[in-house]
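Thanks for making time this morning. I have one chain to go through, and I will keep to what can be read off the coordinates.

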Amino acid sequence: MPTFDLATGLHDRVPADEERILRLELLQRKDLLADRPVPWFDSLAHDAAQEAADLVKKPDGFLAMVNLMKDGYQYFAGMWAPAGISGGESQATSADTPPEERFMERTSGWCVHTMDRRKALPLNNVFDYPRWLNKAIHQLGARTYLGTPLIHQPTGIALGTLCFVGRETTSWGRQEVALIKHYAAQALEHIDELPDNTQPPSEH
């Protein structure tokens with residue numbers, strides 16, 4: 001039986017957020033703490049979603065998110081939604097995503113578990129994992145999920161995830177896991193290249 005309350009989204013199996021303070025400090029240093037779309041992440045999400053859909057031959061495509069875990073909630077700093085999913089009739093550009101659709105409670109979805117595992121989490125059919133069922137099934141129409149953590153290598157802090165969500169069950173295999181890890185590595189490389197606000201300004 002599901003162990004969540006549909007009305008509140010509370011889930012008694014959600015891992016504790018033990019890295020919260022360190023993660024928020026790192027996001028602040030990288031100027032990623034504010035809730036605003038990052039066009040570079042939007043573009044990455046688009047490319048990843050398109051390649052994943054081609055790989056598994058799912059013409060309806062997938063939602064793809066570069067998900068940064070904030071203070072008690074998730075923010076999709078990068079997001080792509082194919083036509084008919086989340087973005088509505090069509091999402092010609094990532095800027096078409098309604099701002100409110102970039103937010104999700106920390107207790108919803110499966111990214112919190114992906115971060116806790118610190119490795120990729122493929123769920124071919126989310127209904128096969130009743131202890132992890134949650135509001136994302138209704139919010140996103142999710143039937144399948146593949147996510148991988150974004151672990152900042154210099155510090156070992158998990159900042160969030162890169163994930164795919166689809167409305168049809170999908171048999172995720174090694175190629176798809178390798179694909180999402182490839183794009184996650186690009187996201188982390190971009191984060192590494194962002195200025196670190198703790199560094200003193202250089203003298204001229």
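I will start with the overall layout, then take the cores, the rings, one helix pair and a few single residues.

Please keep in mind throughout that this is a predicted model. The chain has five helices and six strands. In sequence order they run α-α-β-β-β-α-β-α-β-β-α. There are 204 residues, and 51% of them are buried. On contact range, take the contacts between residues at least 6 apart in sequence: 67% of those join residues at least 24 apart.

Now the interior. The largest nonpolar core holds 36 residues, and the members that touch the most others are Leu32, Phe41, Phe62, Leu150, Leu162 and Phe164. Which elements supply at least two residues each to this core? On the helix side they are H1, H2, which spans 39-56, and H5, which spans 174-193. On the strand side they are E1 at 63-69, E2 at 73-80, E5 at 144-152 and E6 at 157-166. There is also a second core, separate from that one, with 20 residues; Met79, Trp110, Trp132 and Ala142 are among them.

Let me stay with phenylalanine 164 for a moment. Setting aside residues up to four places away in sequence, Phe164 touches Ala48, Ala49 and Ala52, then Phe62, Leu63 and Ala64, then Thr144, Tyr145 and Leu146, and finally Trp172 and Ile180. Two of those partners come back when we look at rings: Phe62, Phe164 and Trp172 are linked into a cluster by ring pairs.

Over the whole structure, the search gives seven aromatic pairs. One of them I would like to show in detail, tryptophan 110 with tyrosine 145. The ring centres are 5.5 Å apart and the planes are at 45 degrees, which makes the pair tilted. What does this pair tie together? Trp110 is in the loop between E3, at 103-105, and H3, at 111-117, while Tyr145 is in strand E5, so the pair connects parts that are 35 residues apart in sequence. Both partners are inside. Tryptophan 110 is at 1% relative accessibility and therefore counts as buried, the cut-off being under 20%. Tyrosine 145 is also at 1%, and counts as buried.

Next, the helix pair. How are H2 and H5 arranged? They pack at an angle of about 170 degrees, and their axes are 10 Å apart. Roughly antiparallel applies to angles over 145 degrees, so H2 is roughly antiparallel to H5. From H2, the contact uses Trp40, Phe41, Leu44, Asp47, Ala48, Glu51, Ala52, Leu55 and Val56. From H5, the residues are Gln175, Glu176, Leu179, Tyr183, Gln186, Ala187, His190 and Ile191. Sorted by class, the contact between these helices has 11 nonpolar residues, three polar and three charged.

The remaining slides take single residues. Histidine 113 is in helix H3. Is it buried or exposed? Its relative accessibility is 5%, so histidine 113 counts as buried. Outside its neighbours within four places in sequence, His113 is in contact with Arg13, Val14, Pro15, Leu121 and Trp132.

One of those contacts, arginine 13, sits in the segment before helix H1, which covers 20-29. Arginine 13 has a relative accessible area of 43%, so it is partly exposed. Its C-alpha is 7.7 Å from that of tryptophan 132, although the two are 119 residues apart in sequence.

Towards the other end of the chain, proline 195 lies in the segment after H5. Proline 195 is exposed, at 59% relative accessibility. Which residues does it touch, not counting those up to four places away in sequence? The answer is Arg29 and Lys30. For Pro195 and arginine 29 the C-alpha separation is 7.9 Å, with their positions 166 residues apart along the chain.

Last, phenylalanine 103 in strand E3. Phe103 is partly exposed, with 35% relative accessible area. Leaving out neighbours within four places in sequence, its contacts are Asp35, Tyr73, Gln74, Tyr75, Phe76 and Gln139. Phenylalanine 103 and aspartate 35 are 68 residues apart along the chain, and their C-alpha atoms are 9.0 Å apart.

That is the end of the slides.

Conventions
Residues numbered from 1 in each chain as written. Predicted model: local features only at pLDDT ≥ 70, side-chain atom pairs only at ≥ 80, totals over all residues. Heavy atoms only, no water. Helix = DSSP H or I, 4+ residues; strand = E, 2+ residues; numbered from the N terminus. Buried < 20%, exposed > 50% of the residue type's maximum accessible area, 1.4 Å probe, protein only. Core = buried A, V, L, I, M, F, W, Y, C linked by side-chain atoms within 4.5 Å. Contact = heavy atoms within 4.5 Å. Phe/Tyr/Trp six-rings, centres within 6.5 Å; stacked < 30°, edge-to-face > 60°. Axes fitted to C-alpha atoms, helices over the stretch in contact; angles between N-to-C directions. Parallel < 35°, antiparallel > 145°, perpendicular 65-115°, else oblique. Nonpolar A, V, L, I, M, F, W, Y, C, P; charged D, E, K, R; others polar.
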